[in-house]
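Got a minute to walk through this one? Let's take a look at the fold together, beginning with the cysteines.

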Amino acid sequence: MKTQTYILKCQTVATMDPTLAAAYGLLTDAAIVIENGFISWVGQHADLPKKFNSLMVKDFADRLITPAFIDCHTHIVAGGNRAEEFEMRLTGVSYADIAKAGGGIISTVKATRSATEDQLLTSALQRVDALLAEGVSLIEVKSGYGLDVECELKMLRVARRIGNSRNIRVVTSFLGAHAIPPEFSGRSDEYLNQVCIPTLKRAHAEGLVDAVDGFCETIAFSPAQIAKLFDVAKQLGLPVKLHAEQLTNLGGSALAASYAALSVDHIEYLDEAGVKAIANSGTVATLLPSAFYTLKETQVPPIDLLRKHNVPMAIATDCNPGSSPNSSLLLTMNMACTLFNLTPEESLAGVTGNAALALGLQDTGIIKPGLRADLAIWNVNQPAELCYRLGINNLAQRILGGHYA
């Protein structure tokens, strides 16, 4: 659509605006006025201000409009695949045991180091296109499969190129503290000091990084090591987030909260003290049900405690070659409901407004005047259908910055 100012009309709009009393922030017989890429008015069509009467109207009849989806945790740039490890896990070998034997993240590191930028971009775009087809407007992309200076920078450059190759917004996270590379085996402090932190500083100087992430686990980095990394991020003015409490409870979430982290992710083993800490800091809990499913985990995140302490819950694919080879947010939403017992409303909030919060973004994620016109139009008439159906993509149209995409 070339017109910059127009009206969208439809039967149902799930604004996901938490200030509205109705579930999903639902409006019926609704209209949305879009001007120059932003939402200027939203409400019932009967209440449309007269000053908009001359605008072109696009009537989507009985369809549903939601905010466009946001995938706030991905490792979408990666070399190779780990189908062989998938087979191993099916025979009972644990994710941790595979990692200790040189598989897991390290096997992807080898494949990523050997790939060119163009090869990494080509493979990443296949996964990105699957997300675009499901109404995604924004993705977060992490490094962390290079674990040396040049390959970490290579991954971040490829992530930036995704935004130039497709009509999608991309934010990047530096995840140099993802694993300890083989050449630094048993010398994690040396890796942190000699490679990870210097690479972060260079990535920041080159404008390649929007946030800093880490993996706080017994098979990765300790809370003290993560704190050292986060101190550098703070000096650089970069926000932080953390993979925490996925396999054990090391107190990573509480540490992240002390740095006012944007999000803590996975958190299957988070206790109530950790939940209180992130509640007090305003940190978002990002749930990754696809990794839980793929690894056949049994420890469910503390959903009731997160609700009790009013912690916003985001949901993401965790798209990666090993623990979550998943490029479908619709499937992820269903998993969040069936595996973690989220409501469909919580699930939809998890890939819209709360996902935006998990990235520190205030301009998208809900349908509200003043925000970007990033929208998804669906061939359904009630929001719960988005979580309910399996194997059917009901997207009718994606709108990014007011333009059909």
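How many disulfides are there? The count is zero in this predicted model. A disulfide here needs two cysteine sulfur atoms within 2.5 Å, so let's check a couple of candidates against that cut-off. Take Cys 72: the closest cysteine sulfur belongs to Cys 319, and at 13 Å that's too far for a bond. Cys 72 is also buried, with just 2% relative accessibility. Cys 216 tells a similar story. Its sulfur sits 13 Å from the closest cysteine sulfur, the one in Cys 196, which again is too far for a bond. Cys 216 counts as buried too, at 1% relative accessible area.

Now for the sheet. Eight strands make up an open sheet, and if you read across it the order is 6-7-8-9-10-11-12-13, with parallel pairing. At the edges you'll find strand 6 (69–71) and strand 13 (313–315); each has a single partner strand, so one side of each has no neighbour in the sheet. Going from one strand to the next, the twist averages 25°.

For a look at one pairing, try strand 10 (residues 241–244) and strand 11 (residues 263–266). They run parallel and are joined by four bridges. Within that pair, His 243 of the structure stands opposite Asp 265 in strand 11.

Finally, what lies across strand 7 and strand 8? That's helix 5, covering residues 149–165. Strand 7 spans 136–142 and strand 8 spans 169–177, and the helix runs at about 170° to strand 8.

Note on methods: Residues numbered from 1 in each chain as written. Predicted model: local features only at pLDDT ≥ 70, side-chain atom pairs only at ≥ 80, totals over all residues. Heavy atoms only, no water. Pairing = 2+ DSSP bridges. Helix = DSSP H or I, 4+ residues; strand = E, 2+ residues; numbered from the N terminus. Axes fitted to C-alpha atoms, helices over the stretch in contact; angles between N-to-C directions. Contact = heavy atoms within 4.5 Å. Buried < 20%, exposed > 50% of the residue type's maximum accessible area, 1.4 Å probe, protein only.
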